Amino acid sequence: MADHRKVFAIGAEFNSAADLYHAAEKIRDAGYSKWDCHTPFPVHGLDKAMGMSKSWLSAFVFMCGVTGFITGLLLVTVTSFGLYPIIVNGKPIDWWPGLASLQFMFPPIYELTILFSAFGATFGMILRNGLPRFNHPVFNWSRFAKVTDDKFFIIIEQKDVKFSETKTKALLEEIGGQHISLIHEEEN
Amino acid sequence: MATNEQKAMDSYEVVLHCPKELERVPLVKNDRSFAWITEKVAVICEEPTRKWWWICFFLFAPIALFVPTLLAYQVGNGVGVWGENQPFGWAWDITNFVFWIGIGHAGTLISAILFLTRQKWRTSINRAAEAMTLFAVMCAGLYPGFHVGKFWKAWYLAPVPNYNGIWQNFRSPLLWDVFAVSTYFTVSVLFWYVGLIPDLATLRDRAKSKVKQIAYGIAALGWRGGNRHWQHYEMAYLVLAGLSTPLVLSVHSIVSFDFATSVIPGWHTTIFPPYFVAGAIFGGFAMVLTLMLPARLLYPQLDDMITRQHVDKMTKIILLTGSIVGYAYLMELFVAMVYSGNFYEYNAFYNRATGWYDWHYAMMMFCNVVAPQIFWFKKMRQNYIVVFFICQLVNMGMWYERFVIIGTTLAQDFLPSSWGHYTPSWVEVFTFIGTFGMFITLFIIFMRFLPMITIFEVKAVKKEADPHYHPEGDHKDEENKPKEAAAH
């Protein structure tokens with residue numbers, strides 16, 4: 001393995017969610033920042049153990065919802081009161097009192113609010129996570145395929161200021177990591 | 001008692017352990033490991049295609065072909081090939097539309113509302129139920145689209161600027177329907193796909209052939225399961241569940257507005273939205289069980305994940321919503337016959353129950369109100385044959401309900417001179433049969449290529465998934481982790 005390939009990270013494997021959780025707390029306390037826990041399913045409380053704050057994706061979704069609401073509002077009002085007023089059921093065809101009694105065409109506004117929010121949630125999550133990304137260096141580590149099965153991993157990136165091939169490795173060993181290995185940028 | 005309390009104060013364990021009869025039954029039977037769950041679910045997509053699959057496929061796919069064939073025939077010859085005519089402007093087509101769209105609602109209820117209410121048992125059935133939702137909405141969407149007559153002008157429903165400068169009538173519940181159903185379908189697809197991403201990554205990591213690796217790999221978007229990703233993922237899932245809940249309630253409410261906002265006696269009622277939503281969930285759960293019970297039979301390994309407990313809970317929901325529907329039927333009768341004092345309202349319901357379509361009404365009452373009452377008995381809820389049979393009655397009953405609401409009302413409205421009878425044409429009958437073929441074909445294709453159980457969520461409801469779980473109890477922490485203990 002004497003190679004000159006660029007190191008991406010050090011990875012360690014854990015057997016259970018509990019082991020990973022305790023290990024994560026130690027890494028957090030050791031002051032690392034560019035690291036992540038990889039798990040087959042979301043582990044409750046791991047955000048806290050890693051010292052992460054709340055996801056603000058919800059704020060983005062809210063903004064998308066507001067956009068959807070405004071889009072819907074403009075769609076129904078501009079067309080019904082401005083571009084193409086249809087007299088039907090004696091309902092208002094003018095901006096006033098139309099705007100004050102919008103419930104007779106509220107459902108499209110409602111549905112567009114939900115539609116835009118749902119797009120925001122889905123694509124916001126995908127983009128916020130930097131996906132799609134098919135060629136990530138962690139995939140070079142053959143053991144990592146188990147992350148979608150039953151193994152738990154901690155990956156500490158080389159970009160981290162506290163990263164040191166020897167010290168980080170020692171820390172991971174100390175907290176119970178198994179199969180600790182260097183992950184390279186290029187394929188093995 | 002005093003000593004017990006004392007004990008409880010002294011030892012943490014006594015507080016945590018409840019009496020045996022109150023203990024929760026684990027959601028995954030036989031204490032299966034994470035690897036077991038991955039293996040047993042993923043293997044369905046990986047093993048060579050089974051014989052029964054091909055049999056089902058070649059049985060249902062030709063039936064599914066009725067749909068494009070007969071719709072082409074309808075487009076070529078006009079809506080006249082369907083049996084509907086004045087006063088029967090809406091007949092089997094809208095009945096089938098409401099029937100199919102209603103079925104979809106159970107999927108969204110399981111995936112969204114049960115998620116928000118933290119019903120963990122939903123995890124093993126939500127994927128299949130959501131798939132069912134999508135396929136049911138596809139079947140539903142065909143009907144209004146083709147019912148417009150000039151199918152090539154169906155795009156007029158979409159608010160796009162056009163040469164004539166015409167815009168839609170946003171005051172019409174029919175247009176609300178277009179928005180509601182298309183939003184419902186889109187959001188259901190997004191929700192379903194977001195739920196699929198981690199499981200697609202599982203299939204990608206297990207795939208042996210290059211083609212599968214690439215196909216599942218692209219679909220999984222390069223998912224790595226990092227907690228920094230899970231954090232946003234969980235938020236997105238929560239938000240989508242929160243969005244789908246008002247959405248699913250609005251969709252069937254809006255479908256009911258199609259009727260409720262008209263002036264026809266029998267339709268013009270305010271009870272419709274809650275009554276339709278309860279009916280939709282009722283019928284949808286029956287369809288979920290209709291699909292899941294045979295699936296359990298075909299894949300015995302699913303037995304540990306879709307347990308008797310799951311079936312039991314679903315039948316209880318059927319009982320609950322069936323009773324709500326029954327209450328709505330009776331309330332509707334009471335309002336029309338006694339409370340309203342309206343002659344036409346009275347007659348509409350009198351004719352429903354005793355008129356030309358009286359046996360439809362009787363079927364509806366029996367299948368939807370009487371039959372599910374058997375689920376009061378635990379023995380019946382545990383008997384899969386009974387459950388399956390009752391679910392078929394419910395499926396049927398819900399179709400009759402929609403026909404009773406739509407058909408009988410239109411047949412006999414205000415003036416006897418404008419009454420009219422209706423019989424479906426062969427085109428309508430076979431199109432409807434075709435939608436069942438389409439529904440089942442799509443479902444078995446889904447079973448073959450995508451994990452029908454949400455692998456990662458089932459793992460997450462196991463007790464081992466809790467980071468504070470230790471096999472020998474909390475206080476023996478150190479013994480289980482010698483390495484960590486040494487570090488202290």
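Among contacts in chain B between residues at least 6 apart in sequence, what percentage join residues at least 24 apart? The figure is 80%. Keep in mind as you read that this is a predicted model. Let's walk through chain A, then chain B, and then the places where they come together.

**Chain A: overall build**

- Chain A has six helices and four strands.
- Starting at the N terminus, you meet these elements in the order β-α-β-α-α-α-α-β-α-β.
- Chain A is divided into two domains: domain 1 covers 7–55 + 138–184, and domain 2 covers 57–128.
- Notice that domain 1 is written in two pieces, 7–55 and 138–184, while domain 2 is the single stretch 57–128.
- Taken over C-alpha atoms, the centres of domain 1 and domain 2 of chain A are separated by 45 Å.
- The radius of gyration of chain A is 26 Å, whereas a compact globule of 188 residues would have one near 16 Å.
- Along the principal axes, the C-alpha atoms of chain A fill a box of roughly 80 × 30 × 30 Å.
- Buried residues account for 43% of the 188 residues of chain A.
- If you take the contacts in chain A between residues at least 6 apart in sequence, 79% join residues at least 24 apart.

**Chain A: strand S1 and its partners**

- Is strand S1 (residues 7–14) of chain A largely enclosed or largely open? S1(A) is largely enclosed by the rest of the structure, because seven of its eight residues are buried.
- S1(A) pairs with strand S4 (residues 178–184) of chain A in the antiparallel sense, over five bridges.
- To find this pairing in the model, look for Val7(A), which stands opposite His184(A) in S4(A).
- S1(A) also pairs with strand S3 (residues 152–157) of chain A, again in the antiparallel sense, over six bridges.
- Here the pair to look for is Ile10(A) and its bridge partner in S3(A), Ile156(A).
- In a regular strand, side chains alternate between the two faces of the sheet.

**Backbone details to look for**

- Most peptide bonds are trans, and most residues other than glycine have a negative phi.
- Trp96(A) and Pro97(A) are joined by a cis peptide bond, with omega about 10°.
- Pro97(A) has its place in helix H4 (residues 95–98) of chain A.
- Another cis peptide bond joins Leu131(A) and Pro132(A), where omega is about -5°.
- Pro132(A) is found in a loop of chain A, between helix H5 (106–128) and S3.
- In chain B, Arg118(B) is not a glycine, yet it has a positive phi of about 60°.
- Arg118(B) lies in the loop between helix H6 (92–116) and helix H7 (126–147) of chain B.
- Arg118(B) counts as exposed because it has 7 C-beta neighbours inside 10 Å.
- Leu221(B) also has a positive phi of about 60° although it is not a glycine.
- The loop that holds Leu221(B) runs between helix H9 (210–220) and helix H10 (227–260) of chain B.
- Leu221(B) has 19 C-beta neighbours inside 10 Å, so it counts as partly exposed.

**Chain B: overall build**

- Chain B has 20 helices and zero strands.
- The radius of gyration of chain B is 26 Å, which agrees with the value near 23 Å for a compact globule, because chain B has 488 residues.
- The C-alpha atoms of chain B fill a box of roughly 90 × 65 × 45 Å along the principal axes.
- Of the 488 residues in chain B, 44% are buried.

**Where the chains meet**

- Chain A brings 65 residues to the contact, and chain B brings 62 residues.
- On the side of chain A that touches chain B, at least two residues come from each of helix H1 (17–29), strand S2 (35–38), helix H2 (46–49), helix H3 (57–83) and H5.
- H5(A) gives the most to this side, with 14 residues.
- By type, the residues on this side of chain A are 37 nonpolar, 18 polar and 10 charged.

**The largest nonpolar core**

- In soluble globular proteins, nonpolar side chains tend to be buried together.
- The largest nonpolar core has 183 residues, and those touching the most other members include Leu20(A), Ile154(A), Met132(B) and Phe443(B).
- Both domain 1 and domain 2 of chain A supply at least three residues to this core.
- Leaving aside neighbours within four places in sequence, Met132(B) is in contact with Gly107(B), Met287(B), Val288(B), Leu291(B) and Phe443(B).

Terms used
Residues numbered from 1 in each chain as written. Chains lettered and ligands numbered in written order. Predicted model: local features only at pLDDT ≥ 70, side-chain atom pairs only at ≥ 80, totals over all residues. Domains from an automatic or database assignment. Rg over C-alpha atoms; globule rule 2.2 N^0.38 Å. Buried ≥ 20, exposed ≤ 12 C-beta atoms within 10 Å, placed from the backbone. Contact = placed C-beta atoms within 7 Å. Pairing = 2+ DSSP bridges. Nonpolar A, V, L, I, M, F, W, Y, C, P; charged D, E, K, R; others polar. Core = buried A, V, L, I, M, F, W, Y, C linked by C-beta atoms within 7 Å.
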